[in-house]
Amino acid sequence: MIWVLSVFLATEAHRLPGADQTAAQSAAMAGYILGPNDQITVSVVELPEFSGRSYRVDEDGTVSLPLLGRVHAAGITLTQLENNLHNSLQAQVRTPHVTANVVETRSRAVSVLGAVNTPGMQQIQGSKTLFDVLAAAGGLKPEAGDLVTITRQASEGPLNLPNEQRDPADGRSTAEVKVRDVVELRDPRVNVVVQAHDEISVSRGTLLYVIGNVHKPGGFTLLQGHAVSALEALSMAEGLAPNASPGGARILRRTSETKAREQIPVDLKKILAGKAKDVQLSPDDILYVPDNTSRRVATKTLETALATVSGLIIWRGF
């Protein structure tokens with residue numbers, strides 16, 4: 001049954017044999033999620049006007065049926081459609097016997113979540129790769145992390161990726177691939193062909209911020225597991241700007257109790273001169289480099305900078 005469903009959904013348009021369709025095939029197709037452009041048949045024993053033709057699911061997700069008009073079909077299974085039609089037809093027939101089948105499929109639904117510009121469900125047609133699906137989701141957000149997680153239903157077969165793990169409870173397979181390997185087409189093996197009902201999630205990167213008197217203030221995403229020091233963060237921000245006062249720099253770090261930011265002095269001047277040890281930064285830290293104005297003016301500048309952190313450009317970092 002798994003092999004039949006996998007082969008069925010692996011092509012853009014695959015016609016099912018009518019009289020030779022087995023009970024196993026019917027059971028597999030009962031869980032198929034309908035989408036736009038699918039062709040279905042609907043048989044109602046008590047109503048011959050349904051028989052002898054196929055019906056197309058339109059782009060708006062509805063299908064036009066005798067006696068009922070427009071009926072919602074996309075995004076639900078054949079079993080759910082049969083139940084809905086059974087309930088709707090009870091006004092004409094006391095106990096209608098409804099059977100729905102797919103005779104041609106031209107769509108497959110996958111979900112794309114996480115740090116993409118247009119997350120949600122996609123109805124894909126034909127053979128689409130992971131790269132294609134991410135592009136159709138509007139591409140990656142600037143704060144995207146370095147991992148894409150793919151989860152596949154047991155009925156669609158394995159992912160065939162090196163770190164694939166199978167859930168013994170439901171048979172689903174999950175694997176992670178690196179974002180850069182996919183979007184830069186570094187490794188064709190990870191650019192897998194997606195299958196129906198795949199769940200694709202792009203991780204959100206670890207962020208830290210550098211603001212104040214630096215050449216490129218902003219937020220910087222970090223690769224998973226990569227620790228960054230104050231000097232590395234300063235380098236990511238392309239160094240000190242004119243009139244910077246590195247000796248008065250501060251790390252602004254959230255406290256777990258109040259979520260307010262505490263100020264941790266860090267003398268970048270001494271660190272740059274090799275007279276003090278470099279300081280490790282934590283995720284979501286803000287490294288602030290003031291200018292050489294008075295303390296009162298510098299404090300006001302810090303307050304203004306903090307108010308604009310959420311609007312900073314996010315750069316791809318280490």
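Buried means under 20% relative accessible area, exposed means over 50%, and partly exposed lies in between (1.4 Å probe, protein chains only). Helices (H or I, at least four residues) and strands (E, at least two) are DSSP runs, numbered from the N terminus.

This is a predicted model, in which local features need pLDDT of at least 70, side-chain atom pairs count only at pLDDT 80 or more, and totals for chains, interfaces and linings use all residues. Residues are numbered from 1 along each chain as its sequence is written, and side-chain values use heavy atoms, with hydrogens and water left out.

**Exercise 1. Take stock of the whole protein.**

Solution.
- Start with the secondary structure: there are eight helices and 19 strands.
- Next, look at burial: of the 318 residues in the protein, 43% are buried.
- Then turn to the surface. The accessible area (Shrake-Rupley method with a 1.4 Å probe; for residues, only the protein chains shown count as cover) is about 16300 Å², and carbon and sulfur atoms hold 52% of that.
- Finish with contacts, meaning heavy atoms within 4.5 Å. Among those between residues at least 6 apart in sequence, 60% join residues at least 24 apart.

**Exercise 2. Find out why strand β12 is largely enclosed, and which strands pair with β12.**

Solution.
- Begin with burial. β12 covers residues 206-212, and five of its seven residues are buried, so the rest of the structure largely encloses this strand.
- Recall the rule for pairing: DSSP must find at least two bridges between the two strands.
- Now go to strand β13 (residues 218-222), which runs antiparallel to β12 and is joined to it by five bridges. The two make a hairpin, with five residues between them.
- Look next at strand β18 (residues 286-289): here the pairing with β12 is parallel, over four bridges.
- Finally, pick out V210. This residue stands opposite G218 in β13, and V210 also stands opposite L287 in β18.

**Exercise 3. Work out the surroundings of D291.**

Solution.
- Locate the residue: D291 sits in the loop between β18 and α8 (295-307).
- Check for charge partners. Lys and Arg count as positive and Asp and Glu as negative, while His and the chain ends are not counted. A salt bridge needs a side-chain nitrogen of Lys or Arg within 4 Å of a carboxyl oxygen of Asp or Glu.
- Apply this: D291 is buried but has no salt bridge, and R250, the nearest side chain of opposite charge, is 8.6 Å away.
- List the contacts: beyond residues up to four places away in sequence, D291 touches N213, N243, A244 and S245.

**Exercise 4. Describe how strand β1 is placed.**

Solution.
- Count the buried residues: they are five of the six in β1 (residues 39-44), so this strand too is largely enclosed by the rest of the structure.
- Follow one partner: strand β2 (residues 55-56) pairs with β1 in the antiparallel sense over two bridges, and I40 stands opposite Y55 there.
- Follow another: strand β5 (residues 98-104) is antiparallel to β1, with six bridges. In this pair, S43 stands opposite T99.

**Exercise 5. Trace the six-stranded open sheet and visit a residue of β11.**

Solution.
- Read off the order, β7-β6-β11-β8-β10-β9, and note that the pairing is mixed.
- Mark the edges: β7 (120-124) and β9 (165-166) each pair on one side only.
- Step inward from β7 to β6 (residues 108-114): five bridges join these antiparallel strands, and A109 stands opposite Q123 in β7.
- Now find S203, which lies in strand β11. S203 is partly exposed, with a relative accessible area of 26%.
- See what surrounds S203: leaving aside neighbours within four places in sequence, its contacts are A115, A144, G145, D146 and L147. The C-alpha atoms of S203 and G145 are 4.9 Å apart, although 58 residues separate them along the chain.

**Exercise 6. Examine L231.**

Solution.
- Place the residue: L231 belongs to helix α6 (residues 230-236).
- Classify it: with 25% relative accessibility, L231 counts as partly exposed.
- Name the contacts: apart from neighbours within four places in sequence, L231 meets L268, I271, L272 and D278.
- Add one distance: L231 and Q280 are 49 residues apart in sequence, and 8.9 Å apart from C-alpha to C-alpha.
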